[in-house]
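Me: Please take a close look at a single strand of this model and describe its surroundings in detail. I should like one connected account, followed by a word on internal cavities.

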Amino acid sequence: MASLGDEVVAGVGLNAAEVRARVDSGLVNTLPSHASRSIGEILRANVLTRFNAILGGLLVVVAVVGPVQDGLFGVVLVLNATIGVVQELRAKVALDRLAVLSAPVAHLLRDGSVADRPVGEVVVDDVLDLRPGDEVVADAVLVSSASIQVDESLLTGESLPVDKRAGDEVLSGSVVVSGTGRSRVVRVGADAYAQRLQLAAKRFAVASSQLQQGTNTILRVISWVIAPVAALLVTSQLVRSHVGWEQALRGSVAGVGAMVPEGLVLLTTLAFAIGALRLARRRVLVQSLPAIEGLARVDVVCLDKTGTLTMPGMTLERVVSLAGDAHDALGAIAAADVAPNATMAAIGRGCPSPPGWRPVASVPFSSARKWSAVEFEEQGSWILGAPDVLFDGARAGALPEAARVAGGGRRRRVLALARSCGPLAGTELPGDLVAAGLVELSERLRPEAGETVGYLLGQGVAVKVISGDDPETVAETARLAGVPVTGDPFDARRLPEEQAALAALVAGTSVFGRVHPEQKKVIVEALQALGHVVAMTGDGVNDVPALKQADVGIAMGTGSQASRAVANIVLLDSAFSAVPPILAEGRRVIANIERVANLFVTKTVYAALLALVVGVLAVPYPFYPRQLTVVSSLTIGIPGFVLALAPGAPRAKPDFLRRVLQFTAPAGAGVAVATLAVYTIARGPQHASTHASSMAAAVALFAVAIFVLAMLARPLRPLRLGLVLAMGGGGVVAMLVPISRRVFSFSVPPASLLATVVTVAAPVMVILLAALWRQSRPVHGSR
């Protein structure tokens, strides 16, 4: 289908018939959804796994040799997969609903009027009405421009805004930072520049999550270990152990199956999914699940003042006229702004537009320039901006009054109004500025700001306020919100370029004013270079570079489309009070995943050692699959599921893999040593029967594994103590209840063997307690 010319679409846009024709031709902006995994991906991730394949193969062996109760681990396998799928689907539904509320819209000119439409409805030749804060949703060519500037840093890495004129191309993924314009769409969907970049980037995507990397390393090592150990065990059981082939195969199934950490991936995924679901119930959209891990590690939060500490919107308090009546000029400037920000909207509400003021040129407001200007046909050029930007030392006549108003102990923003007799010369300030007035605007502190800041400080999280406003005004707002103002409030126009000086400055200063958008990013980078994990909150297009650079970007739901698009997390209700639950949820998820990893990897370690030693000694494997299923369910599976969802945790620390290995290697070795020692003593000096020896070994394994569980569950407050006691009681019941003894082939060992268990297990527990006390230290605040 041939594209329409600019002259056709510039005035009225496409009509309904033209839109339908393009949709039928496939020229529509179909974009992939990234809010959550697809149903197919969820099913594959929970069902088609390497470990499920191993257990499925073992289940086939059990089906051949019997009895059926040895296939009990198959029930656990199905339950694991079912729970994982159901919970992820629940999280997906909640996240997808929230994603719709946060999804960007396109301002489309159709049939002569502008209306907001989902970006997925944009078609080739549509006319986009571009405004400050908009993300360009498809590749387009400008057909008109009113001093429009776009930020292409997300595409090209170029930090400075780029001026665009009619005829220039604007690429999808770029952001309008100032000015307005209209553009005709030329490429949509997968053909658009941003989508082509994204598809190319997928080929080189590298996991940056410590948790993902650590878990993948654990699973990879386990996969390498299982193959040779399984081969040794199967060979020894079939060839050298002198037992029947059915028992040899059952012992092999038990030994190999026990090495598989079947619930590790499930419970890790489940913890993330339920964490996202809990946040969704608070109207918090998690756009990237790994961001939950970042939340757990955050130790510095950078807050944008306007819209985060303060309520959206502003109020015009007063206008101070310095030369004539400034109200008319302010009303005319506000009326000339086709895309007013909160400041200009407040001025427009307080200063009616006067008759006879006809604008002929304008310079839109920019966060980098910190001023805007309008040239009128008869009244000259008028400039509105920060007083200390418009007037230097030689022309600072208005500054004393501005400083006095700004320092009046209230949350105020002061702007200077200046006049020039000459025409505007692009984005350069006229040289003949004359102070014409001062504008005082006020902001309201969010009611929850003080409590939220207090929580962050109490959790050991440093708070820094970064704003484009006057440093003293920012500092006053920060003090009222409870932020400790360390060092002098810093004017970012003097931000040092030398890295050592910059590092010292950001470490010792908590309030920054007059910060340009790129400088917000520089401050975040400097904090990260000092080893901090940084969260950044913001709502404006000027926050986009810093939101993208931060370890966790948190955008307000009422903020610009661009800020919501790049943020990891979106507060749909724009409630600053949601930040503490977000941080707490991240910490809870990571701490619980570490506990779960400790449980499952401990099991893999002791199972591998048991299989290795049994294979080398060529003795019968001591357990049936059904027996290990009961033991692992009571000491690993059920408590792992409960602990994966437990509340409360301190800030997460790095080196996840090192800490897991430091705990699981000695813990798994301790369980294996106790089990093998009891089994060997029972078979040797005590000349017990094979079944009695196995039962004694099972009691030793269960007792030490329960002890390891108790160490990981600390602090043993009522709920957790109850969990440990219930699991221990379950093992006792399994040994004593007749039906359980019959189904699982359990029996109580003779008193002499129980004494052996105590003699061996007690010192092992003491050694483990001494060796692992610090690694398994309690999580404060947990219940």
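Reply: In this predicted model, strand β9 (residues 300–304) pairs in the parallel sense with strand β19 (residues 534–538), over four bridges. Within that pairing, cysteine 302 of β9 has methionine 536 as its bridge partner in β19. β9 also pairs with strand β16 (residues 462–466), again in the parallel sense, and here over five bridges. In this second pairing, valine 301 stands opposite valine 463 of β16.

The side chains of β9 can be followed in two sets. Val300, Cys302 and Asp304 point one way from the strand, while Val301 and Leu303 point the other way, and residues of both sets are buried. Since five of the five residues of β9 are buried, that is, under 20% relative accessible area, the strand is largely enclosed by the rest of the structure.

As for internal cavities, a search of the whole structure finds three of 30 Å³ or more. The largest cavity has a volume of about 60 Å³. Its lining consists of Val105, Ala106, His107, Leu128, Asp129, Leu130, Asp134, Glu135, Val137 and Gln561. Strands β1 (105–110) and β3 (127–130) each supply at least two residues of this lining. Sorted by class, the residues lining the largest cavity are five nonpolar, two polar and three charged.

Technical notes. Residues are numbered from 1 along each chain as its sequence is written. This is a predicted model: local features need pLDDT of at least 70, side-chain atom pairs count only at pLDDT 80 or more; totals for chains, interfaces and linings use all residues. Side-chain values use heavy atoms; hydrogens and water are left out. Buried means under 20% relative accessible area, exposed over 50%, partly exposed in between (1.4 Å probe, protein chains only). Two strands pair if DSSP finds at least two bridges between them. On a 1 Å grid over the protein atoms alone, a cavity is a set of points where a 1.4 Å probe fits but cannot get out, and a pocket is an open set with protein on both sides within 12 Å along at least five of seven lines; lining residues have an atom within 4 Å of a point. Grid points are joined across faces, edges and corners, and a volume is the space filled by probe spheres set on the points. Ala, Val, Leu, Ile, Met, Phe, Trp, Tyr, Cys and Pro count as nonpolar, Asp, Glu, Lys and Arg as charged, and the others, Gly among them, as polar.
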